[in-house]
Amino acid sequence: RAKDDGRDTIRFFLPSMQAAADARLAIEKELRYAIEKNELSLYFQPQVDQLGNIVGAETLLRWHHPEKGFISPATFIPVAEATGLILPIGSWVLRKACEYLKVWEDAGLPIQHLAVNVSPRQFRQPDFVDQVHSILKDTGADPALLGLELTEGMVIDNVVDTIEKMQALKQLSIELSIDDFGTGYSSLAYLKQMPLDILKIDQSFVRDISTDASDAAIVDTIISMANHLELRVIAEGVETELELAFLAGKGCKMYQGYHFSRPVPDKEFTKQLNAGTVFH
Ligand code: C2E
Ligand code: MG
Ligand code: MG
Ligand code: MG
């Protein structure tokens, strides 16, 4: 690739770069068949109130490779995004999540919302809203219980198109959140125009909340801004009682993190839903 650039540029191609490129290629090749080979599954991480009562969950994709074992989404989602494989994978995730949602609804379990991560490439498809609509119709899941997690990056990419799609999704009663909030560059002016329900505070701020005064200030600011804009806030990556106490003191009411529960397979999440709480 470097040589057919045609311009007088000199590029270095280091052996380590070759290794990284090979690894990507291997992931791409195998990921292509992961769905049909039944290697993908969904985990669920409870979202809770301060007492540990379950108010919802986030759907997190898992890839169990037959030889390599568990491969993290942090490794394969970017490859899927770069190659376009995120499109079939993303729609598989959405359909599967709606199927679970329908089962839990029918069982009368107290699930108030189930969030699904949406990648930029997936969201940018012209017929994204139609796809979501068909999946909801096919599965019979209640749209009011489905949430979509968007990121700041995709939101400022093309503001007009984004807001139009968000409004169409709101028309379907779907709940919208901004994931990893605070790590991107979303302007407050855009934020105000968007039909949003939830801001998810990125775990990088929560992690240092008790030792880093500026992270504490950022978290404080996000929570009070959300309150003014009448948005709900979910703090991500809550690992300790101390972090929980700080967040609660600032008026945050919903949490997600290892302090309460790791992401768990469907059977275990069903048990948690039956109990209604992650504490026993
Ligand atoms: P995310 O959407 O921000 O998801 C939260 C990540 O934080 C998850 O990592 C979760 O396991 C992890 N986490 C939750 N609580 C804690 C905690 O207390 N401490 C720490 N250290 N981590 C915690 P995971 O499952 O590895 O997913 C990583 C990222 O991969 C996700 O970040 C999301 O961006 C992406 N991803 C996962 N599933 C999907 C999917 O179905 N579609 C798309 N497009 N992206 C996905
Ligand atoms: Mg997320
Ligand atoms: Mg996040
Ligand atoms: Mg994240």
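**Exercise 1. Determine how helix H1 and helix H2 are oriented towards each other in this predicted model, and describe their contact.**

Solution. Begin with the geometry: helix H1 (residues 15–31) packs against helix H2 (residues 73–83) at an angle of about 80°, and their axes lie 10 Å apart. Next, apply the cut-off, by which angles of 65 to 115 degrees count as roughly perpendicular; H1 is therefore roughly perpendicular to H2. Then list the residues that touch: H1 contributes Arg24, Ile27, Glu28 and Leu31, while H2 contributes Thr75, Phe76, Pro78, Val79, Ala80, Ala82 and Thr83. Finally, sorting the residues of this contact of H1 with H2 by class gives seven nonpolar, two polar and two charged.

**Exercise 2. Work out the relation between helix H5 and helix H7, including the handedness of their crossing.**

Solution. The axes of H5 (residues 128–139) and H7 (residues 159–171) come within 10 Å and cross at roughly 15°. Since angles under 35 degrees count as roughly parallel, H5 and H7 are roughly parallel to each other. The crossing of H5 and H7 is right-handed. On the H5 side the contact is formed by Phe128, Val129 and Val132, and on the H7 side by Lys165, Ala168 and Leu169. By class, the contact of H5 with H7 comprises five nonpolar residues, no polar residues and one charged residue.

**Exercise 3. Describe how helix H3 packs on H5, and give the residue classes in the contact.**

Solution. Helix H3 (residues 86–106) meets H5 at an angle of about 35°, with the two axes 9 Å apart. H3 passes H5 in a right-handed crossing. From H3, the residues in contact are Ser91, Leu94, Arg95, Cys98, Glu99 and Lys102, and from H5 they are Gln131, Val132, Ile135, Leu136, Asp138 and Thr139. Divided by class, the contact of H3 with H5 has five nonpolar, three polar and four charged residues. Val132 of H5 takes part here, and Val132 also belongs to the contact of H5 with H7.

**Exercise 4. State how many disulfides the structure holds, and decide whether Cys98 and Cys252 are buried or exposed.**

Solution. The count of disulfides is zero. For the accessibility, recall that buried means under 20% relative accessible area. Cys98 has a relative accessible area of 1% and is therefore buried; Cys252, with a relative accessible area of 3%, is buried as well. Cys98 is also one of the H3 residues in the contact with H5.

**Exercise 5. For Ser173 and Glu230, give the phi value, the location and the accessibility class.**

Solution. Take Ser173 to begin with: its phi is near 80°, a positive value in a residue other than glycine. Ser173 sits in the loop between H7 and strand S6 (175–181), and at 40% relative accessibility Ser173 counts as partly exposed. Turning to Glu230, its phi is also positive, at about 60°, although Glu230 is not a glycine. Glu230 lies in the loop between H10 and strand S8 (232–235), and because its relative accessibility is 72%, Glu230 counts as exposed.

**Exercise 6. Locate Ser214, classify its accessibility, and state the separation of its C-alpha atom from that of Glu105.**

Solution. Ser214 belongs to helix H10 (residues 213–228). With a relative accessible area of 43%, Ser214 is partly exposed. The C-alpha atoms of Ser214 and Glu105 are separated by 42 Å, the two residues being 109 residues apart along the chain.

Notes: Residues numbered from 1 in each chain as written. Chains lettered and ligands numbered in written order. Predicted model: local features only at pLDDT ≥ 70, side-chain atom pairs only at ≥ 80, totals over all residues. Heavy atoms only, no water. Axes fitted to C-alpha atoms, helices over the stretch in contact; angles between N-to-C directions. Helix = DSSP H or I, 4+ residues; strand = E, 2+ residues; numbered from the N terminus. Parallel < 35°, antiparallel > 145°, perpendicular 65-115°, else oblique. Left-handed = near helix turned anticlockwise from the far one by under 90°. Contact = heavy atoms within 4.5 Å. Nonpolar A, V, L, I, M, F, W, Y, C, P; charged D, E, K, R; others polar. Disulfide = S-S within 2.5 Å. Buried < 20%, exposed > 50% of the residue type's maximum accessible area, 1.4 Å probe, protein only.
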